[in-house]
Amino acid sequence: MILDPHIHSIYSGDAKGTPRQIIKRAILVGLDAIAITDHDTMQGSKVAKKEVKDFKSIIIVPGMEISTSKGHILALGVQEEIKKGVTPQEAVDRIHEQGAIAIVPHPFVRYRKGLFVNIQDLKVDAIETLNSRYILGYSNWKAKKFAKKRNLPMIGASDAHFVTAIGSCYTQVDSEPNPDDILSAIKKGKTKPHGSRTPLHLILKEVINKKIKKC
Ligand SMILES: [Zn+2]
Ligand SMILES: [Zn+2]
C-alpha cells in the first residue's frame, strides 16, 4: 500500500485544499491510502470519510496532528479528537486507549515544534524520517539515525499544505488494503519511506502566504 499519512486541509487554518480536492489529487498521483491530519481537529478527516464514498478507490485512515505542550504528534486511527496542550505522554496514552498509533512528525525540526527537540524518552509507534519539507536538511537524516538506533518504524510523508505537494513523500506499507491492517503493519515496522522534496516554490508560497499561523 502506498500511503501518505500526513496531509493538511483547509480545516488546519494554514493549508489549502478541501478534503475532496485532496482525495482527487491523491488518486491522481497513485496513492492507495491517505490520512488527513489537521492541526488539533478531526474535521478534515471526518469530511474526507464522507466524501470518499463518491470515489471508492482510496482508503482514508482517520487522523489528526496534536499540538502537545512539547511538540507535535500525529495520531492515526483515532476516532475521537484529542485536545491540544496535553502533555506528550497524555497524548500518547489517549491515542493508545483508542487503539490508534502515535507517530512523531518532523521530530528534530525545532521551528516546526519537533517533539524530539524537547524530549526523547516517549514510547511512540513510529517516527517520520522523511518529511518532504526537509529533504535537504539535517533533520531527516537525524530522524533516520534515531529510528535505527531505537528500532522504530520509519515513515515518509508529504506534510502537504497544498494539494500539489501530496504524495511527494510517502510510505510503502506491506499490508492489506484496510485501515486496521495498515496501522498494525506500521506498528510492526513493515514500512519503507520514499519520496522527494516539496518543490521550493510551494514552500516559498507558503512562507509568503500570511495565512500561515501554525506549522
Ligand atoms: Zn507539525
Ligand atoms: Zn503537519
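**A mixed five-stranded sheet and its crossover helix**

Strands β9 and β10 run antiparallel to one another, joined by 5 bridges (two strands pair if DSSP finds at least two bridges between them; strands are DSSP runs of E with at least two residues, helices are runs of H or I with at least four, and both are numbered from the N terminus). Within this pairing, Q172 stands opposite K192 of β10.

The model is predicted, with local features requiring pLDDT of at least 70 and side-chain atom pairs pLDDT 80 or more, while totals for chains, interfaces and linings use all residues. Residues are numbered from 1 along each chain as its sequence is written, chains are lettered from A and ligands numbered from 1 in the order in which they are written, and side-chain values use heavy atoms, leaving out hydrogens and water.

The wider picture is an open sheet of 5 strands, ordered β3-β2-β1-β9-β10 with mixed pairing. Its edges are β3 (59-60) and β10 (191-195), each of which pairs on one side only. Helix α1 packs on this sheet and touches β1, β2 and β3, its direction making about 155° with that of β2 (contact means heavy atoms within 4.5 Å; axes are lines fitted to C-alpha atoms, for helices over the stretch in contact, and angles between N-to-C directions run from 0 to 180 degrees).

Now to strand β1 (residues 2-7), where 5 of 6 residues are buried, that is, under 20% relative accessible area with a 1.4 Å probe and protein chains only. Antiparallel to β1 runs β9 (residues 169-173), linked by 2 bridges, and L3 has T171 as its bridge partner there. Parallel to β1 runs β2 (residues 33-36), linked by 3 bridges.

Key:
Buried < 20%, exposed > 50% of the residue type's maximum accessible area, 1.4 Å probe, protein only.
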